[in-house]
Amino acid sequence: MSPQDNPTNNPAAVIVLAAGAGTRMKSRTPKILHPIGGISMVGHAMAAAQGLAPEKLAVVVRHERDLVAAHIAALDETAIIVDQDEIPGTGRAVQQALEALDAQAPVEGTVVVTYGDVPLLTAALLTELVATHNADGNAVTVLTAVLDDATGYGRILRNPADGTVLGIREHKDATDEEREIREINSGIYAFDAAVLRKALKSVTTDNNQGEMYLTDVLSLARFDGGRVAAVSTTDRWQVEGANDRVQLAALGTEHNRRIVEGWMRAGVSIIDPATTWIDSTVELAEDVTILPGTQLHGTTTVARDAVVGPDSTLTDVQIAEGAEVTRTHGSGAVIGEGAHVGPFTYLRPGTVLGADGKIGAFYETKNVTIGRGSKLSHLGYAGDAEIGEDTNIGCGNITANFDGVNKHRTVIGSGVRTGSNTVFVAPVTVGDGAFTGAGAIVRKDVPAGALTMSVAPQRNAEGWTEAHRPGSVSAQAAGQAATAAATGN
């Protein structure tokens, strides 16, 4: 059940903690801005939070504050940006967020706290956490998981009598016996706002790390008679964070596995899931086929019966029904219905290929519109151009669009046939039904139906090879040919 189905489970607020420096990532990019599946880690976290339909959303920032805040604002302009001060610890971060929220209007009800580096967490699991918290009337409900190796995580201390949570012991402060516990704290909670507000006033930095631990709220709430419970998940990936690039890669692989599996269950044929990468933002239709070694990024969409791959990387590319894209690197392009692209094709932004058209082997295109049924089959470049319908562009053709200062446009009409190695020196227009001869250099407009050629007389200097390359293999071959011609053999 979603929060929209049961509005009573909408939390009063969600607080996303995103202030950490992430030094183990060893990157100039803040940890939470590293992407997984085409979306930043904090973007995933905020999407899960937004899935709860909270009344308010706050994000606590510190490291690279301006960069992170701008990214958050781009994701959700209504999110409240909270700056964490010099006092360390998650307890202090939540305290400042709650103060910022209360400054608008006192928060009453359930407050969810989550993290900006837990990208696989889903709104569904958060909804279960909030629903359990509200139904049981808990003061605090913590999301937990059981791990084979709990090293580094806070351990859940339970009451053996009723299973409620007595507290959480941070790994650094735990005894050897407590470190044997495998149920861990995810760092994700649902709090009663009043309980949280009161308890945070009593949280100190009196511990090994000198930090305000948010976990201390649990024991304080229990001391005041509140019920502290847990919701445990068997899906450990939903509570896994990324502190270094090894963990980031592991989360990315698992995220991609889930995305790929989801599309297969939705009717997409993915021949080799292990070598197929699909961003969260990609859209695929039923009966699409994805061949091995394919990566689909950004806002790429693929319509029914289209085939993509193998060995293709596409970003923000729209592929229409029945099209085929083979061994292609492309971005910002539109491929029409039944069109063919590749192999070994480079589609740059602004490429629009019409229905039943073709861009073939070893072709590069940029900012070009190609009409229905037109073909650019091999070994060429088309940039800043418009090509009509049913036109055939010969092998080795290029549009020379740059004069060293400015880009210029080439317009080629419908029904045109161009010979091999034609060069269009822009700006130039070729009329409908025109032809060009092989090797033509088109510097002037070509009228409709005309043939344009760049013709120079052919001159044969007989005997040149033997005279200028004596003793070479070529000279020997030429000599043998001359002898054979003279003798008739």
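A charge is said to sit over a ring if NZ of Lys or CZ of Arg is within 6 Å of the ring centre and within 35 degrees of the ring normal. With that in mind, and remembering that the structure on your screen is a predicted model, begin by selecting Arg236 and Trp237, where Arg236 lies over the face of Trp237 at 4.3 Å from the ring centre. Next, select Phe402 together with Lys407, and you will find Lys407 over the face of Phe402, at 5.7 Å from the ring centre.

From charges over rings, the tour turns to rings beside rings, of which the count comes to two aromatic pairs. Select Tyr189 and Phe191, whose ring centres are 5.1 Å apart and whose planes stand at 35 degrees, so this pair is tilted. Both Tyr189 and Phe191 are buried, and you may need to hide the surface to see them.

Now select Phe344 and Phe362, whose ring centres are 5.1 Å apart with planes at 15 degrees; because planes under 30 degrees apart count as stacked, this pair is stacked. The pair links distant parts of the chain, 18 residues apart, with Phe344 in the loop between strand S24 (340-341) and strand S25 (345-347) and Phe362 in strand S27 (residues 358-370). Phe344 has a relative accessible area of 45%, and is therefore partly exposed.

For the last stop, show the surface and select Phe435, Leu451, Met453 and Val455, which form a nonpolar patch there, with about 440 Å² of accessible area together. Within this selection, follow the chain through Met453, which is found in the loop between strand S37 (451-452) and helix H8 (464-468).

Conventions: Residues are numbered from 1 along each chain as its sequence is written. This is a predicted model: local features need pLDDT of at least 70, side-chain atom pairs count only at pLDDT 80 or more; totals for chains, interfaces and linings use all residues. Side-chain values use heavy atoms; hydrogens and water are left out. Patches are made of residues with over 30% relative accessible area and no salt bridge: like charges are joined within 9 Å, nonpolar side chains (Val, Leu, Ile, Met, Phe, Trp, Tyr) within 5 Å. Accessible areas come from the Shrake-Rupley method with a 1.4 Å probe; for residues, only the protein chains shown count as cover. A salt bridge is a side-chain nitrogen of Lys or Arg within 4 Å of a carboxyl oxygen of Asp or Glu. Helices (H or I, at least four residues) and strands (E, at least two) are DSSP runs, numbered from the N terminus. Rings of Phe, Tyr and Trp (its six-membered ring) pair if their centres lie within 6.5 Å; planes under 30 degrees apart count as stacked, over 60 as edge-to-face and the rest as tilted. Buried means under 20% relative accessible area, exposed over 50%, partly exposed in between (1.4 Å probe, protein chains only).
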